[in-house]
Structure formats: C-alpha cells, structure tokens
Amino acid sequence: MSFDRDAALEQAMLTFWRHGYETTSIVDLTTAMGVTAPSLYTAFGDKKRLFLEAMRLYAGDPDAMARDIREAPSAYEAANALLTKAAVGYTGDKTPRGCLLASAAATGSAAACDVQAAVADIRRFIAACLEARIKADVANGLQPSTTDTAALAGLVMAVTQGMSVLARDGTSRAALLAIVDATMSAWPKP
C-alpha cells in the first residue's frame with residue numbers, strides 16, 4: 001500500500017458526495033482515489049467502511065461541533081452559524097453541490113441501511129445539541145418560555161437538508177443565504 005491514505009480518503013469522500021452511496025461503484029472509487037481494488041480493501045476494509053470513514057471526514061469532529069453550538073453567544077447565533085456554514089459549504093467551488101449526508105440517502109441493501117442509520121445518527125446528534133442550546137436559552141430568558149425547542153431545532157435541520165437539495169438543483173449561494181435570513185427572521189423573540 002504505497003499511496004497517501006488521507007488524500008485517497010478525501011477523493012473517496014468527494015466521489016460519494018457526488019454520486020451517493022449506492023450508486024458509487026468500487027471502480028468509481030479506485031479511479032478517483034488512484035488505487036487498486038486490493039489496496040482499497042486492505043486500507044479501508046470494504047465500501048461501507050470506506051464510506052463511514054469518508055462521512056466522518058466530511059462531518060468533522062462531533063465534539064468540536066457540539067462545543068461550537070454550546071459556546072455560541074445564543075441558540076439564535078448557533079443556528080444562524082449552522083445554516084450559513086451549510087449554505088456556503090453546499091455551494092463550494094471545489095466540492096460537489098449539496099450535502100454528502102443528504103446525497104448518501106440509501107435504500108435497499110443491508111449495508112445501505114447501516115449507512116443510512118449512521119447518517120441519521122449525525123443529524124440527530126446535531127439536532128440534539130441545538131435543542132439543548134435552545135433549552136438553555138429558554139432557561140436563561142433569551143427565548144420565550146413557550147418555545148417548542150424540539151420543533152425549532154427540527155426547523156433548522158429541515159432547512160439545512162432542504163438547502164442541500166436546492167444546491168444540487170443549482171440554487172445560488174446568494175439565494176441560499178437569503179433562505180437563511182428568512183429562516184432566522186422567524187426565530188422566536190424573547
């Protein structure tokens with residue numbers, strides 16, 4: 001195995017991002033990664049394990065994400081930052097449009113079900129972190145006591161996923177950022 005594992009993993013991530021989990025073939029992966037199939041299997045195990053590792057590379061450190069949400073000046077600012085980062089990331093110049101997690105929507109095989117569950121776990125983790133931050137703001141009087149914290153966190157997650165679809169459809173970064181602004185204008189005021 002004489003290749004740059006990190007560079008190969010990044011290429012695998014971009015390939016999965018571009019094509020989704022199930023429609024990406026081993027040939028697609030080996031071509032993009034510049035490795036042979038035996039090298040891929042030796043270094044990463046199988047396609048599912050390669051995807052899960054690529055997904056972790058894409059999603060970043062969950063502890064850092066949780067810390068960013070928790071340490072934001074308010075839940076409003078944490079949500080705004082999440083949505084803005086998504087809008088910018090979904091329209092990058094050097095990456096596929098949309099979200100790797102959304103493009104991984106899988107159906108069918110047992111491996112695909114495992115992949116879908118792992119992707120859903122990441123989304124649930126982000127939503128739970130944001131909901132906890134919103135609850136803290138309610139407790140501190142920064143949000144109305146009537147705030148439905150689960151629904152508000154769910155709104156942010158739904159808009160995030162919706163923006164991914166729109167980005168794949170060719171919606172511009174400016175239009176996505178306008179959606180972020182519209183979403184945040186609906187945020188409950190104390």
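Which residues of helix H2 (residues 26–33) are buried? Select that helix to begin, and bear in mind that the model is predicted.

**Stop 1: helix H2**

The buried residues of H2 are Leu29, Thr30 and Met33. Look down the helix axis: these residues fall within an arc of 95°, so they line one face of H2. An α-helix has 3.6 residues a turn, so residues three or four places apart point the same way. Now turn to the other side of H2, where Val27 and Thr31 are exposed.

To see what the buried residues of H2 pack against, show H1, helix H3 (37–44) and H4. Then select glycine 34, just after H2, which takes a positive phi of about 70°.

**Stop 2: glutamate 10**

Next, select glutamate 10, which sits in helix H1 (residues 5–19). Is glutamate 10 buried, partly exposed or exposed? Glutamate 10 counts as partly exposed because its relative accessibility is 41%. Draw a distance from its C-alpha atom to that of methionine 33: the separation is 8.2 Å, although the two residues are 23 apart along the chain.

**Stop 3: the largest nonpolar core**

Methionine 33 also leads to the largest nonpolar core, where Phe16, Met33, Leu50, Phe51 and Met163 have the most contacts inside it. This core has 54 residues. Helix H8 (residues 110–139) supplies the largest share of this core, with nine residues.

Select phenylalanine 16 and show its surroundings. Which residues is phenylalanine 16 in contact with, leaving aside its neighbours within four places in sequence? They are Tyr21, Thr24, Leu29, Lys47, Leu50, Phe51, Ala54, Leu100 and Ser103. One of them, Leu29, is among the buried residues of H2 from the first stop.

**Stop 4: the largest pocket**

Finally, turn on a pocket or surface display. Rolling a probe the size of a water molecule over the atoms shows where empty space is left.

The largest pocket holds about 620 Å³ of space. It is lined by 26 residues, and selecting Met65, Leu82, Lys85, Ala86 and Ile126 shows those closest to its centre. Colour the elements that give two or more residues to this lining: helix H4 (47–59), helix H5 (62–71), helix H6 (75–89), H8 and helix H9 (149–168). Which element gives the most to the lining of the largest pocket? H6 does, with six residues.

Colour the lining by residue class to finish. It divides into 18 nonpolar, four polar and four charged residues.

Note on methods. Residues numbered from 1 in each chain as written. Predicted model: local features only at pLDDT ≥ 70, side-chain atom pairs only at ≥ 80, totals over all residues. Heavy atoms only, no water. Helix = DSSP H or I, 4+ residues; strand = E, 2+ residues; numbered from the N terminus. Buried < 20%, exposed > 50% of the residue type's maximum accessible area, 1.4 Å probe, protein only. Core = buried A, V, L, I, M, F, W, Y, C linked by side-chain atoms within 4.5 Å. Contact = heavy atoms within 4.5 Å. 1 Å grid on protein atoms, 1.4 Å probe; cavity = no way out; pocket = protein on both sides within 12 Å on 5 of 7 lines; lining within 4 Å. Points joined across faces, edges and corners; volume = space filled by probe spheres on them. Nonpolar A, V, L, I, M, F, W, Y, C, P; charged D, E, K, R; others polar. Arc of directions from axis to C-beta.
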